[in-house]
Amino acid sequence: MCADKIWKLLTRATVDNKHPWRVCTFCTAGISGPDSRNVILRLVDVLKCELIFYTDARSQKVKDLQHNSQVALLFWNPKSREQLRIKAVAEVIEEGELWLKHWSKVPDHAKRDYATVEAPGTVLFGGG
């Protein structure tokens with residue numbers, strides 16, 4: 001698949017809730033080893049070759065990125081049976097003009113997801 005088509009598909013995934021590449025697997029290498037979780041692709045900047053995801057600043061992935069900013073992403077389309085694997089360097093933006101620009105795009109009802117008492121990954125019942 002050519003690079004132009006890949007960028008078009010990634011861009012489309014940011015606006016099409018049913019696109020199979022909207023949710024991808026985001027892999028980090030933290031202090032306790034490798035970890036993966038699903039994230040939602042929010043924005044693509046083709047000119048800068050950037051993919052943008054939002055996360056809670058208290059999440060384990062932010063701690064992992066402080067230890068090692070190298071990440072791997074896996075996008076899978078079960079219909080076409082195509083996968084896209086990306087290795088990249090991630091940057092966490094927690095304040096400033098760029099952060100405000102993105103935060104202002106988050107709907108009020110979704111902002112509540114980032115204001116819970118418990119941090120993401122907190123065991124709520126029992127554990128194990």
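**Strands, helices and a couple of odd phi values**

Me: Which residue in E3 stands opposite Leu43?
Reply: This is a predicted model, so let's start with how E2 and E3 line up in it. E2 and E3 are antiparallel partners, joined over 4 bridges. Across from Leu43, on the E3 side, stands Ile52.

Me: Okay, and what is the order of the strands in the open sheet?
Reply: The chain has 4 helices and 5 strands, and read along the sequence they follow the pattern α-β-β-β-α-β-β-α-α. The edge strands of the sheet are E3 (50-53) and E5 (82-89), each pairing on one side only. The twist from one strand to the next averages 40°. With antiparallel pairing, the order in this open sheet of 5 strands is E3-E2-E1-E4-E5.

Me: How many bridges join E1 to E4?
Reply: E1 has E2 as an antiparallel partner over 8 bridges, and Ala29 has Pro34 of E2 as its bridge partner. E1 and E2 also form a hairpin, with 2 residues between them. Toward E4, Phe26 of E1 has Leu73 as its bridge partner. E1 and E4 run antiparallel, and the number of bridges joining them is 3.

Me: Which residue in E5 is the bridge partner of Gln70?
Reply: Look at the pairing of E4 with E5, which is antiparallel and runs over 8 bridges. E5 is one of the edge strands. Within E5, the partner of Gln70 is Val89.

Me: About what angle does the direction of H1 make with that of E2?
Reply: H1 packs on the sheet and touches E2, E3, E4 and E5. H2 packs on the sheet too, touching E1, E2 and E4, and its direction makes about 50° with that of E1. For H1 against E2, the angle is about 90°.

Me: Which element gives the largest share of the largest nonpolar core?
Reply: That core has 15 residues, and those with the most contacts inside it are Leu10, Trp21, Phe26, Leu41, Phe75 and Leu84. At least two residues each come from helix H1 (3-13), strand E1 (23-30), strand E2 (33-45) and strand E4 (70-77). The largest share, 4 residues, comes from H1.

Me: How wide an arc do the buried residues of H2 cover around the axis?
Reply: The buried residues of H2 (60-67) are Lys61, Val62, Asp64 and Leu65. What covers them includes E1, E2 and E4. They sit on the same side of the helix, because the arc they cover around the axis is only 160°.

Me: Which residues of E1 make up its covered face?
Reply: E1 has two faces, and the uncovered one carries Val23, Thr25, Cys27 and Ala29. One residue of the other face, Phe26, is among those with the most contacts inside the largest nonpolar core. The covered face is made up of Cys24, Phe26, Thr28 and Gly30.

Me: What is the phi of Cys49 near?
Reply: Most residues other than glycine have a negative phi. Cys49 sits in the loop between E2 and E3, in a hairpin that has 4 residues between the strands. Cys49 counts as exposed because its relative accessible area, 54%, is over 50%. Its phi is positive, near 55°.

Me: And Arg81, is that one buried or exposed?
Reply: Arg81 is another residue with a positive phi, of about 60°, although it is not a glycine. You'll find Arg81 in the loop between E4 and E5. Its relative accessibility is 66%, and the cut-off is over 50%, so Arg81 counts as exposed.

Me: How far apart are the C-alpha atoms of Lys79 and Pro20?
Reply: Lys79 is also in the loop between E4 and E5. Lys79 is exposed, with a relative accessible area of 81%. Lys79 and Pro20 are 59 residues apart along the chain, yet the separation of their C-alpha atoms is 8.6 Å.

Me: What share of the residues in the chain count as buried?
Reply: Take the chain as a whole: among contacts between residues at least 6 apart in sequence, 50% join residues at least 24 apart. The chain has 128 residues, and the share that count as buried is 25%.

Me: Last one: in which element is confidence lowest?
Reply: The mean pLDDT of the chain is 84, with 77% of its residues reaching 70 or more. Confidence is highest in E4, at a mean of 97. The lowest mean, 60, belongs to residues 108-111, which form helix H4.

Definitions and conventions:
Residues numbered from 1 in each chain as written. Predicted model: local features only at pLDDT ≥ 70, side-chain atom pairs only at ≥ 80, totals over all residues. Heavy atoms only, no water. Core = buried A, V, L, I, M, F, W, Y, C linked by side-chain atoms within 4.5 Å. Buried < 20%, exposed > 50% of the residue type's maximum accessible area, 1.4 Å probe, protein only. pLDDT = per-residue confidence, 0-100. Arc of directions from axis to C-beta. Contact = heavy atoms within 4.5 Å. Pairing = 2+ DSSP bridges. Axes fitted to C-alpha atoms, helices over the stretch in contact; angles between N-to-C directions.
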